[in-house]
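Here are some notes to read alongside the model, in the order I would go through them at the screen. I hope they help you find your way around.

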Amino acid sequence: MKLRLYVLRTVLLRVLAAGAVLLAVLQILDLLDVTTDILERGLGVAGVFYHATLRLPRLVEQVAPLSVLAGGLFAFAQLAREQAVTAMRAAGVSSYRLLEMAVPAAFVIMLLHFTAAELVAPRTDAMLEAWWQASEPGAPVDPSPRAFRSGAEIVVARPGASSGERLSDVRIYRRDAQGRVSERIEAASATYADGVWRLREPRMLRFTPDQALASSAAELTWRTRLQPADVRSLLSPAQAPSAASARRALEGGGSERPDSYYAVRVQRAFAAPIGVLVMLLLAAPVALGNFRTREGAVLTVAALAAGLGFLVADGLLTALGESAALSPLLAAWTAPTVFAALAGTALLRMEG
């Protein structure tokens with residue numbers, strides 16, 4: 001038990017330290033771009049800290065895999081230099097058991113990554129954008145209309161509230177099974193309340209093979225799967241859809257990109273945290289290296305190169321999947337599977 005706690009503490013502390021350093025570097029680089037604008041808007045130092053706080057979840061998402069790679073390399077190299085691995089192997093503890101002891105540290109970062117990317121960041125992104133627009137000097141700029149799909153309907157609207165619960169200048173084009181426009185609805189606004197959208201003073205124009213039938217109403221319930229969270233993501237150029245929003249888009253909610261993009265986004269919600277575990281596997285062979293010779297340095301450089309190669313390959317395959325050049329499963333899971341297999345093969349050969 002003491003040995004397990006020692007290995008876990010060593011790995012976890014190194015991973016958290018590496019994550020803190022990487023997070024600080026990214027935060028500084030991010031603030032270099034916006035600090036001048038924040039101060040010119042009269043938001044002061046408090047505005048700088050507020051911006052940094054709201055950007056933190058996205059930065060955590062970015063640094064999580066690299067922090068495990070860097071922290072794992074430092075931790076396993078330290079265990080090898082201290083001859084701790086040699087003592088463990090002499091006592092009958094295999095490298096697989098050593099890796100098992102370190103895995104809970106990766107699980108902690110995986111949980112942190114998933115929480116930041118899927119639960120916290122979508123909310124802080126919306127808060128940051130609303131705050132940034134509200135502090136913009138001069139008269140507020142009327143946002144331009146945006147077009148998106150909601151099931152079989154084509155919708156053109158302006159964002160009416162940062163919460164996503166109101167749209168203005170709404171135009172809805174309904175299509176038949178052949179894709180032809182069968183009805184056009186225009187409304188001054190659409191408001192979400194009690195789980196439904198309500199159109200204010202809608203004007204309907206229904207097309208038949210012979211004529212166009214016009215009608216109007218004081219209010220109309222709009223039956224759609226569109227949610228306010230989908231509106232925030234769709235009408236914001238800076239926000240990425242969460243896995244929940246992507247799943248709703250595939251089920252007929254709001255979307256403005258091909259279905260392949262949202263299908264990959266759903267798969268990536270689970271594949272990306274697994275990438276954290278892959279990084280630990282790539283770093284594990286360093287524990288078996290001899291740091292009295294060049295072997296330890298060679299293994300460290302090779303593990304670092306493999307980790308960076310994994311990030312590049314993962315990003316490339318994800319882009320191919322989003323453009324429908326690959327199936328969503330292949331795009332999201334090929335890189336983690338291949339690099340985990342390579343790391344496992346290297347560990348098997350060194351252990352053998």
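1. Let us start with enclosed space. This is a predicted model, and the structure holds 1 cavity of 30 Å³ or more. The largest cavity contains about 40 Å³ of space. Its lining is made of Phe76, Ser95, Leu98, Leu99, Ala284, Ala287, Leu288 and Leu347. By class, 7 of these lining residues are nonpolar, 1 is polar and none is charged. Which helix gives the most to this lining? That is helix α4 (residues 95-134), with 3 residues.

2. Arg89 is worth a look while you are in this region, as two of its contacts, Ser95 and Leu288, also appear in the cavity lining. Arg89 is found in helix α3 (residues 84-90). Leaving aside neighbours within four places in sequence, Arg89 is in contact with Ser95, Leu288 and Glu351. Is Arg89 buried, exposed or partly exposed? Its relative accessible area is 37%, so Arg89 counts as partly exposed. For a sense of distance, try Ile172: it is 83 residues from Arg89 along the chain, and the two C-alpha atoms are separated by 68 Å.

3. Next come the pockets, which are open. The second largest pocket has a volume of about 520 Å³. It is lined by 23 residues, and the closest to its centre are Glu61, His113, Arg268, Ala272 and Asp314. At least two lining residues come from each of α2 (44-81), α4, α7 and α8 (295-322). Helix α7 gives the most, with 8 residues. The lining of this pocket divides into 11 nonpolar, 5 polar and 7 charged residues, whereas the lining of the largest cavity has no charged residues.

4. Helix α7 deserves a point of its own, and its packing against α9 is a good place to begin. Two packed helices are described by the angle between their axes and the distance between the axes. For helix α7 (residues 259-283) and helix α9 (residues 328-351), the angle is about 10° and the axes are 8 Å apart. Because the angle is under 35 degrees, α7 is roughly parallel to α9. On the α7 side, the residues in contact include Ala263, Phe270, Ala271, Ile274 and Leu281. Among their partners in α9 are Pro328, Leu329, Trp333, Pro336 and Phe339. This contact has 17 nonpolar, 1 polar and 1 charged residues.

5. Now compare the packing of α7 with α8. Here the angle is about 170°, with the axes 11 Å apart. The angle is over 145 degrees, so α7 and α8 are roughly antiparallel to each other. From α7, the contact includes Ser260, Tyr261, Val264, Arg268, Gly275 and Met279. From α8, it includes Ala303, Gly307, Phe310, Asp314, Thr318 and Glu322. By class, the contact has 10 nonpolar, 5 polar and 3 charged residues. Two names should look familiar: Arg268 and Asp314 take part in this contact, and both are listed among the residues closest to the centre of the second largest pocket.

6. Helix α2 also offers a residue to inspect: Val63 is found there. Is Val63 buried or exposed? Its relative accessibility is 7%, and therefore Val63 counts as buried. Leaving aside neighbours within four places in sequence, Val63 is in contact with Gly19, Leu22, Leu23 and Leu26. Ala20 lies 43 residues from Val63 in sequence, with 8.9 Å between their C-alpha atoms.

7. Finally, please check two backbone angles. Most residues other than glycine have a negative phi. Asp194, although not a glycine, has a positive phi of about 55°. Asp194 sits in the loop between β4 (181-193) and β5 (196-200), and at 76% relative accessibility it counts as exposed. Ala324 also has a positive phi, near 70°. Where is Ala324 found? It is in the loop between α8 and α9, and at 54% relative accessibility Ala324 counts as exposed.

How values were computed: Residues are numbered from 1 along each chain as its sequence is written. This is a predicted model: local features need pLDDT of at least 70, side-chain atom pairs count only at pLDDT 80 or more; totals for chains, interfaces and linings use all residues. Side-chain values use heavy atoms; hydrogens and water are left out. Axes are lines fitted to C-alpha atoms, for helices over the stretch in contact, and angles run from 0 to 180 degrees between N-to-C directions. Helices (H or I, at least four residues) and strands (E, at least two) are DSSP runs, numbered from the N terminus. Angles under 35 degrees count as roughly parallel, over 145 as roughly antiparallel, 65 to 115 as roughly perpendicular and the rest as oblique. Contact means heavy atoms within 4.5 Å. Ala, Val, Leu, Ile, Met, Phe, Trp, Tyr, Cys and Pro count as nonpolar, Asp, Glu, Lys and Arg as charged, and the others, Gly among them, as polar. On a 1 Å grid over the protein atoms alone, a cavity is a set of points where a 1.4 Å probe fits but cannot get out, and a pocket is an open set with protein on both sides within 12 Å along at least five of seven lines; lining residues have an atom within 4 Å of a point. Grid points are joined across faces, edges and corners, and a volume is the space filled by probe spheres set on the points. Buried means under 20% relative accessible area, exposed over 50%, partly exposed in between (1.4 Å probe, protein chains only).
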